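Biologist: Hello! Could you walk me through this model, step by step?

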Amino acid sequence: MSPLLWIILIIVVLVIAIYITAYNGLQRAKIYTEESWSQIDVQLKRRNDLIPNLVETVKGYAKHESETFEKVVQLRNQLTQIPADNHEETLKVSNEITDSLKTIFALSENYPDLKANQNFLKLQEELTNTENKIAYSRQLYNSSAAQYDQRLLTFPSNIVAKIHGFKKVDYLETPQEEKEVPKVKF
């Protein structure tokens, strides 16, 4: 075998190795992004499972606040009907649930007996912990999405991504109304 043939063979093997490495790296990053979204989904399910208990606990103390409870239950049911791949709608409804839960927790200030109820306090703590886990899971998703998107844009994996039709994923963003500074009156 001539030296030129060896050089060509080595180059072909290197190109194939780089291609395989790039493809596998893209697949790993994609899977990690999907897995990090599933963590959000798990926490949303956990919160949805806690909501009926919270509503039942609070309902006995704040009977005339039924509109608030109905909204939370309606949003919870709406969230379970959203297709799994519709991340944007899932997060929109999830944010509405978070806002409604804040309203329910604020109700406890008007009902001292509710504020002292151990079941309510335990549910409030569990929901607060779940909200924190949702926030962390969102950060994890954005981090894994950034790593995945970075692979889509950098050489040589960008070539492999185009060949195999890998698509960019969007980051989870904070809704504009949550970014606004609250108005405080003195």
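**The core and its helices**

Modeller: Gladly, starting with the core. Of the 39 residues in the largest nonpolar core (buried Ala, Val, Leu, Ile, Met, Phe, Trp, Tyr and Cys residues joined through side-chain atoms within 4.5 Å), I40, L54, V58, F69, I97, L101 and Y141 touch the most other members. This is a predicted model, where local features need pLDDT (the predictor's confidence in each residue, from 0 to 100) of at least 70, side-chain atom pairs count only at pLDDT 80 or more, and totals for chains, interfaces and linings use all residues. Residues are numbered from 1 along each chain as its sequence is written, and side-chain values use heavy atoms, leaving out hydrogens and water.

Biologist: Which helix gives the largest share of this core?

Modeller: Helices (DSSP runs of H or I, at least four residues) are numbered from the N terminus. Those giving two or more residues to this core are helix 1 (3–59), helix 2 (66–81), helix 3 (87–107), helix 5 (118–153) and helix 6. The largest share, 11 residues, comes from helix 1.

Biologist: Is T130 buried or exposed?

Modeller: T130 lies in helix 5 and touches Q43, R46, R47 and L50, not counting residues up to four places away in sequence (contact means heavy atoms within 4.5 Å). Its relative accessible area is 0%. Buried means under 20% and exposed over 50%, with partly exposed in between (1.4 Å probe, protein chains only), so T130 is buried.
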